[in-house]
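Here are my notes for you, point by point, to read beside the model. I hope they help you find your way around.

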Amino acid sequence: MTAIAVGASAARSVRARIGRDGWIMRGLLLLLTAYLLVTVAFPLYALLRKSFLDKHGSFIGLGNYTRYFSDPALAESLPNTFFIAGAGTIISIALAFSYAYALSRSCMPWRRLFRGIALVPLLAPSLLPALSLIYLFGNQGLLKSWLMGHSIYGPIGILLGEVFFAFPHAVIIILTSLAMADQRLYEAAIALRASPWRIFFTVTLPGCRYGLISACFVVFTLIFTDFGVPKVIGGQFDVLATDVYKQVIGQFNFEAGAVVGMLLLFPAVISFAADRIVQRRQVALLSARAVPYEPKPDRLRDAVAFVFCLLATVFLIGIPGTAAYASFIKYWPYDMTLTWANYDFNNIDTQGWAAYANSLILATWTAVIGTAIVFFGAYLVEKTTGFRRMRGFVQFLCMVPLAVPGLVLGLSYIFFFNDRANPLVFLYLTMAILVINTIAHFYTVCHLTAVTALKQLDAEFEAVSASLKVPFYRTFWRVTVPICLPAVVDIAAYYFINAMTTVSAVVFLYSANTKLASISVLNMDDAGNTANAAAMGMTIVVTSAVLKLLQTVLLRGLNRRTQAWRRR
Amino acid sequence: MPDNAGGVPYLRIERVTKSFGGFQALKGVSLDIHAGELVCFLGPSGCGKTTLLRAIAGLDVQSAGAIHQAGRDISSLPPAERDFGIVFQSYALFPNLSVAANVGYGLVSRRGARAEIARRVAELLQMVGLPDQGGKYPPQLSGGQQQRVALARALALSPGLLLLDEPLSALDARVRVHLRHEIHALQRRLKVTTILVTHDQEEALTMADRVVVMNQGVIEQVGTPEEIYRRPVSAFVADFVGRMNFLPAEAMGVGRVRFAGMELVCAESFDGLAPGTAISLCLRPEDVVVRGAAERGNVFEARIAELEFFGTHFRAELRPLAAPETMVAADFSINAMQDLDLKAGDKVSVALPAERLRIFPRDGGGAA
């Protein structure tokens with residue numbers, strides 16, 4: 001009846017026995033690890049290896065690198081790329097911050113609408129804004145005179161296109177960090193009679209500085225590695241991304257391609273690491289008892305914000321709008337009559353509308369399979385007990401794709417899958433490899449979405465079901481998935497839209513039978529069929545927009561149906 | 001379950017240790033729990049009470065030591081192979097399933113007949129006092145009702161052991177007191193062996209058959225609520241459970257201590273202490289006698305430095321005239337206050353009853 005605390009020296013040490021659930025979860029986790037190794041880690045290793053080998057496969061150390069840098073034409077791309085990425089980042093962040101600030105800190109009308117408009121660029125491949133810019137400012141451009149003799153083909157065009165392309169990414173990140181503002185800090189500052197400027201510099205800016213830094217890194221990497229805009233409008237101004245393409249597709253110089261691929265990977269990896277550190281700090285900044293900030297009306301400020309957003313909207317809608325308009329024009333700018341002829345893709349290209357069908361197939365498979373793998377994978381990483389090192393390793397593998405530019409991933413896939421020694425070589429040039437590649441390419445963002453949703457669940461669900469002798473997969477199916485359905489829909493939509501719009505990774509992997517709509521845009525533009533390229537680009541935009549709409553409707557329906565238990 | 005107090009314990013915990021990296025959350029804990037008992041693990045946060053509960057459930061298996069349940073060594077078994085029902089502080093109710101589906105969650109997987117399951121669910125909901133709430137969803141219920149649903153779900157498989165992890169701490173005071181009684185009554189009726197983890201001493205004292213007071217990974221004391229309150233074995237227990245005066249004093253001879261320049265008689269024997277050893281003289285504020293103090297032993301004069309009204313009583317801050325730097329807290333009943341017409345600043349005679357005094361070494365910690 002009595003309890004005695006005795007020294008533990010004599011006590012037998014215990015190893016927890018792993019139950020049936022434990023074994024199944026571990027087995028599945030191993031399977032996931034193998035999958036991520038094959039689709040992410042091994043290809044990247046193949047790329048790294050390739051950059052140190054010569055044409056015949058013998059090791060030549062840094063030979064490829066020295067050859068690359070000694071070619072003056074090629075070495076020029078490196079400073080070019082840094083210039084474009086640096087200038088593009090400064091402009092995009094400045095605009096995106098103003099836009100996000102106007103959205104979250106003013107009482108201007110149409111805020112919901114403006115918020116939606118900011119995301120429009122996400123619906124199109126990055127080729128599309130470049131096409132529009134050519135229509136507006138190119139040799140036959142309507143507004144060519146605005147450039148005062150400068151050419152759009154080169155840094156000006158690239159910068160304009162990249163700003164459009166990067167804008168929504170920056171707005172999303174900065175909006176999130178501005179939304180975390182604490183009303184009480186502002187009230188305290190006002191009570192201490194701080195001027196609005198002082199409040200801006202001492203409260204607002206410090207509050208969102210991590211978001212700003214994070215946005216800078218993300219935007220820099222995006223522009224540094226983007227391929228679509230410079231491909232279409234770059235002219236003679238070479239950047240690393242177009243170099244890779246030229247070396248590999250144009251000259252079959254895979255070794256040089258591997259070198260440029262590695263060069264593209266470095267800044268991405270560095271900014272990725274920096275971003276992770278910044279993100280970790282941001283979490284520490286959050287206070288559970290913060291009161292969300294709600295702006296009060298201010299005529300002058302609201303008017304300025306409204307005018308700014310309206311101007312931004314002209315840019316955000318005008319660019320794809322131009323492409324849309326141009327896609328219906330018979331012969332820009334000489335015969336401006338409207339026609340459907342540009343949409344008759346089967347006339348231009350043997351693939352024609354089949355490319356669009358391929359894109360739909362790719363997007364559907366990617367959304368279905370990708371969402372299943374990502375969500376169940378995130379569940380395993382989050383909810384498996386024990387097996388800590390393995391889970392840490394998987395978590396790391398899940399984060400890697402964020403640091404890998406699409407071009408680099410695509411190139412890696414060539415080196416890894418187009419290798420006779422690889423038993424998976426049969427996948428090369430199939431639709432399957434496009435699906436696998438696209439799933440890997442956008443894995444991280446989807447994984448983080450799933451993890452965020454899973455973390456909001458009660459941590460004891462699994463313990464409760466174990467105590468009730470219910471296997472984990474039943475609880476996963478009956479409880480976890482239904483509760484996380486909104487996140488699942490978000491992931492599927494994200495996969496679908498990105499599979500529709502991506503060019504960079506798949507450009508190395510498609511075959512005659514699996515050509516995609518986004519690739520068609522590229523090829524038609526290359527062949528001088530700009531109007532058809534614009535038309536194909538518009539089919540992508542419309543499809544993405546329809547899907548976005550579908551997602552909204554679906555989420556609203558889900559919300560209504562589950563009102564009984566969903567606390568919002 | 002046969003009541004076999006004094007015989008083989010239902011749950012035997014032997015020298016259980018749990019380390020997280022370099023930190024030892026449990027340092028060789030041993031404890032026997034008998035069938036049908038309600039045992040409370042009481043202690044401040046971080047004392048290891050929840051760690052011990054999770055080891056018993058198999059959710060975080062101990063690093064060393066053995067746990068036997070109903071004669072079976074369950075030390076290394078995964079939770080699904082153990083026999084327990086559990087209620088968490090967060091309840092962990094499945095929000096997308098109806099109350100009935102939550103309660104029947106474990107029954108369904110046993111492939112029982114549909115009607116049989118429905119009957120059992122109704123019976124369980126009846127038992128926890130929510131007979132017509134089966135169709136609702138957990139978020140539509142109040143905190144107290146959710147708590148009952150969690151309890152019904154935990155009892156659905158008629159487990160041999162019921163584990164309650166701070167089940168009442170998320171509720172407001174009134175509901176908490178009410179549910180305390182209900183859980184207690186239900187446990188008595190079902191005679192299910194129950195472990196309740198709590199940091200609320202009132203909860204432990206009112207509900208438990210036995211209280212296990214824990215601190216920094218070890219068990220400080222095991223006993224009935226009255227034993228714990230009346231005869232704390234350490235300064236920690238004395239301080240943690242209830243209010244306690246820790247008065248600086250000095251051991252003198254057998255049964256005698258020096259406090260505030262006076263010699264007091266103390267019923268507790270303390271043979272080990274040499275005269276002159278610094279000690280803490282402990283007494284609960286409600287044991288300080290003011291009515292008829294003069295006729296008793298251990299009497300001294302003090303000034304009432306402050307009076308605080310607590311509704312049911314007054315708390316007085318007494319300063320002995322002989323040692324005004326020492327503060328003695330005392331609870332005076334409203335009656336005594338009126339009868340003796342006491343006000344702040346008054347001089348008053350008080351007695352410290354010898355049989356209520358307890359003594360702990362000065363370095364025992366916890367002295368306030």
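1. Let's begin with a helix pair in chain A: H14(A) passes H17(A) in a right-handed crossing. In this predicted model, helix H14 covers residues 353-383 of chain A and helix H17 covers residues 431-441. Their axes lie 9 Å apart and the packing angle is about 50°. An angle of about 50° falls outside the ranges for roughly parallel (under 35 degrees) and roughly perpendicular (65 to 115), so H14(A) and H17(A) are oblique to each other.

2. If you want to see who touches whom here, look on H14(A) for Ile361(A), Leu362(A), Trp365(A), Thr366(A), Ile369(A), Gly370(A) and Ile373(A). Across from them, H17(A) offers Met431(A), Leu434(A), Val435(A), Thr438(A) and Ile439(A). By class, the contact of H14(A) with H17(A) has nine nonpolar residues, three polar and no charged.

3. A second helix pair in chain A is worth a look. Helix H13 (residues 299-326) and helix H23 (residues 530-561) of chain A pack at about 120°, with 8 Å between their axes. H13(A) and H23(A) are therefore oblique to each other, and H13(A) passes H23(A) in a left-handed crossing. From H13(A), the contact uses Pro320(A), Ala323(A), Ala324(A) and Ala326(A); H23(A) brings Ala531(A), Ala534(A), Gly537(A), Met538(A) and Val541(A). Eight residues of the contact of H13(A) with H23(A) are nonpolar, one is polar and none is charged.

4. Now for some backbone details you may want to check by eye. Most residues other than glycine have a negative phi, and most peptide bonds are trans. In chain A, a cis peptide bond joins Trp332(A) and Pro333(A), with omega at about -10°. Pro333(A) sits in the loop between strand E1 (329-331) and strand E2 (335-338) of chain A.

5. Two loop residues have a positive phi. Trp110(A), not a glycine, has a phi of about 65°, and its place is the loop between helix H4 (77-105) and helix H5 (111-118) of chain A. In chain B, Asn298(B) has a positive phi near 50° and lies in the loop between E14 and strand E15 (299-309). Are these residues buried or exposed? Trp110(A) has 13 other C-beta atoms within 10 Å, so Trp110(A) is partly exposed. Asn298(B) counts as buried because it has 21 C-beta neighbours inside 10 Å.

6. On to chain B as a whole. Chain B holds ten helices and 19 strands, and its C-alpha trace spans about 80 × 45 × 40 Å along the principal axes. Of the 368 residues in chain B, 45% are buried. Among its contacts with a separation of 6 or more, 66% are between residues 24 or more positions apart.

7. One sheet in chain B is easy to trace. This open sheet has five strands in the order E13-E12-E11-E14-E19, with antiparallel pairing. Strand E13 (262-265) and strand E19 (358-361) of chain B are the edge strands, each pairing on one side only. Neighbouring strands of the sheet are turned by 45° against each other on average, direction ignored. Towards one edge, strand E14 (residues 278-283) pairs with E19(B) over four bridges, and Leu281(B) has Ile359(B) in E19(B) as its bridge partner.

8. Strand E12 (residues 256-259) of chain B deserves a closer look. Its covered face has Val257(B) and Phe259(B), while Arg256(B) and Arg258(B) are on the uncovered one. Two antiparallel bridge contacts link strand E11 (residues 245-251) of chain B with E12(B), and Ala251(B) is partnered with Val257(B). E11(B) and E12(B) form a hairpin with four residues between them, where Gly255(B) has a positive phi of about 70°. E12(B) also runs antiparallel to E13(B), joined by four bridges, and Phe259(B) stands opposite Met262(B). That hairpin has two residues between the strands, and Ala260(B) takes a positive phi near 50°.

9. Lastly, the interface. In all, 45 residues of chain B are in contact with 38 residues of chain A. Elements of chain B that each supply at least two residues include strand E1 (11-20), strand E4 (64-69) and helix H3 (105-108). E2(B) gives the largest share, six residues. On the side of chain B that touches chain A, 27 residues are nonpolar, 14 polar and four charged.

Conventions
Residues are numbered from 1 along each chain as its sequence is written. Chains are lettered from A and ligands numbered from 1 in the order in which they are written. This is a predicted model: local features need pLDDT of at least 70, side-chain atom pairs count only at pLDDT 80 or more; totals for chains, interfaces and linings use all residues. Two strands pair if DSSP finds at least two bridges between them. Axes are lines fitted to C-alpha atoms, for helices over the stretch in contact, and angles run from 0 to 180 degrees between N-to-C directions. Two residues are in contact if their C-beta atoms, placed from the backbone, lie within 7 Å. Ala, Val, Leu, Ile, Met, Phe, Trp, Tyr, Cys and Pro count as nonpolar, Asp, Glu, Lys and Arg as charged, and the others, Gly among them, as polar. A residue is buried if 20 or more other C-beta atoms lie within 10 Å of its own, exposed if 12 or fewer, and partly exposed in between; C-beta atoms are placed from the backbone. Angles under 35 degrees count as roughly parallel, over 145 as roughly antiparallel, 65 to 115 as roughly perpendicular and the rest as oblique. A crossing is left-handed if the near helix is turned anticlockwise from the far one by less than a right angle, and right-handed if clockwise.
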